[in-house]
Amino acid sequence: MSSSPVSASPPAQPYGRPPLRTVQVLGGAAGVGSSAHVRSLTTGLAARGVRVTVCAPVEAEGEYDFTGAGAQFAPDAVGVLRAACAGADVVHAHGVRAGLRAALALRGRRVPLVVSWHGDGPEAAGALGRLSRMLERHVARAAAVVLGASSDQVDLARLRGARDARLAPVAAVAAVPAAAAGRADADPGKARAELGAVARPLLIAVGSLVPHRGYSVLLDAAREWRTLDPLPLLVIAGEGPLRAELSRRIQAEALPVRLLGRRRDAAQLLAAADVAVLPSRWEERALLAQEALRVGVPLVATAVGGVPELVGEGAVLVPPGDAGALASAVAGLLADPDRRAELAAAGRVQAATWPSEDDTVAQVLSVYDELMERARR
């Protein structure tokens, strides 16, 4: 593929002024949530007359079609990123790794950098942790504004030296664009039948198979569910480096668990479930939590990161790493349909308090406008 950006139709000039030019930067290991957020943001900004260039891995363009959302697309090669940033009024990086790449690309230029502190995972120990903290300090200090999706992320950015860190919750958006996601009104009964959960409870977890998701603890909990009657089925939608290890445990311990791999119909599977489970050791604004509460699926989650702030009274929270507490919470919900109904209603109420995609775009655009006003003084 050529290293030059792919052109999209230019937006109209707002209010008679030259359009604002932004570059949205995604890191080489951009997560699903960050990519979906950037597509949503791109759509809203382009609709408001902003010229948007998305600099991201080529595979992210294939999956999320940023060009179709109204952006120019530029592959994330170092030279291409630097050239794209040279013509920008504002550069907006999503995640610490993307922030580092953007800061290096902007070295020597007076272009303001905004960093959405989505977080790249739990804090590591030892030398890796020290390196991570050093990179976070560099990015926090290079940014004109850091936007944290949860209060703990804002606090962390300030701790790392951010001059201006603000709370900016992002709207929950579909992990896969609607055109590729299948029908939203798929029959839940059909989904349950395909999974083999017609006459038994269906539990679901969604997320990449990586250590911080807490799936080893989830399998420990599943071992305790073997005593329940009827026996619940746990399905995990996601792919990652822990697949072989988890598969060996499921087989060796005869656990009622199925690994589904990455699924484009995860939203439909979630809607068919009796309980959603989020066992992570670290999360920010977990997409699974947001989707579960919006569609009224009772959620059991660990009280980590931004999860308590996100779910409020709309979920059952348990300590991270506590398989017994996780197993007990899920079993309690399966045995209490009234409590499940209460949680479903509370979840929808909580979800109604979250910002819409328009709210998110408006807040980000106000930050850009503020930075442009500073530059004109």
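These exercises, each with a worked solution, walk through a predicted model of a protein chain.

**Exercise 1. Getting an overview**

Find how many helices and strands the protein chain has, and what share of its residues is buried.

*Solution.* Start with the secondary structure: the protein chain holds 16 helices and 13 strands. Next, turn to burial, where the cut-off is under 20% relative accessible area. By that criterion, 51% of the 377 residues are buried. The surface comes next: about 16,600 Å² is exposed, and carbon and sulfur atoms supply 53% of it. Finally, take the contacts between residues at least 6 apart in sequence; 66% of these join residues at least 24 apart.

**Exercise 2. Tracing the sheet of 6 strands**

Work out the strand order of the open sheet with 6 strands, and say which strands stand at its edges.

*Solution.* Step across the sheet and you read 10-9-8-11-12-13, with parallel pairing. Strand 10 (257–261) and strand 13 (316–318) each have a single partner strand, so one side of each is left without a neighbour in the sheet. Neighbouring strands here are turned by 25° against each other on average, direction ignored.

Now look at individual pairs. Strand 9 (residues 233–237) is joined to strand 10 by 4 bridges, and Leu234 has Val257 as its bridge partner in strand 10. Strand 8 and strand 9 pair over 5 bridges, also in the parallel sense; here Ala205 is partnered by Ile236 of strand 9. Of the 5 residues of strand 8, 4 are buried, so this strand is largely enclosed by the rest of the structure.

**Exercise 3. Adding helices and the core**

Identify which strands helix 9 and helix 14 touch or lie across, then find the core residues that touch the most other members.

*Solution.* Helix 9 (residues 215–225) lies across strand 8 (202–206), strand 9, strand 10 and strand 11 (275–278), at about 165° to strand 9. Helix 14 (residues 323–334) also packs on the sheet, touching strand 8, strand 11, strand 12 (299–302) and strand 13, and its direction makes about 160° with that of strand 13.

The largest nonpolar core has 31 residues, and those touching the most other members are Leu218, Trp225, Leu234, Ile236, Val257, Val300 and Leu326. Elements that each supply at least two residues of this core include helix 9, helix 10 (243–252) and helix 14. Zoom in on Ile236: leaving aside neighbours within four places in sequence, its contacts include Ala205, Leu218 and Val257.

**Exercise 4. Moving to the sheet of 7 strands**

Give the strand order of the open sheet with 7 strands and name its edge strands.

*Solution.* The order is 3-2-1-4-5-6-7, and the pairing is parallel. Strand 3 (72–75) and strand 7 are the edge strands, each pairing on one side only. From one strand to the next, the twist averages 20°. Strand 2 (residues 51–56) runs parallel to strand 3, joined by 4 bridges, and Val54 stands opposite Phe73 of strand 3. Helix 5 lies across strand 5 and strand 6, at about 135° to strand 5.

**Exercise 5. Finding the buried face of helix 6**

Determine which residues of helix 6 are buried and what they pack against.

*Solution.* Helix 6 (residues 151–159) has Gln153, Val154 and Ala157 as its buried residues. Viewed down the helix axis, they fall within an arc of 100°, so they line one face of helix 6. Their packing partners are strand 5 (113–117), helix 5 (126–142), strand 6 (145–148) and strand 7 (165–167). After helix 6 comes Gly161, with a positive phi near 105°.

Terms used. Residues are numbered from 1 along each chain as its sequence is written. This is a predicted model: local features need pLDDT of at least 70, side-chain atom pairs count only at pLDDT 80 or more; totals for chains, interfaces and linings use all residues. Side-chain values use heavy atoms; hydrogens and water are left out. Two strands pair if DSSP finds at least two bridges between them. Axes are lines fitted to C-alpha atoms, for helices over the stretch in contact, and angles run from 0 to 180 degrees between N-to-C directions. Contact means heavy atoms within 4.5 Å. Buried means under 20% relative accessible area, exposed over 50%, partly exposed in between (1.4 Å probe, protein chains only). The arc is that of the directions from the helix axis to the C-beta atoms. Accessible areas come from the Shrake-Rupley method with a 1.4 Å probe; for residues, only the protein chains shown count as cover. A nonpolar core is a set of buried Ala, Val, Leu, Ile, Met, Phe, Trp, Tyr and Cys residues joined through side-chain atoms within 4.5 Å.
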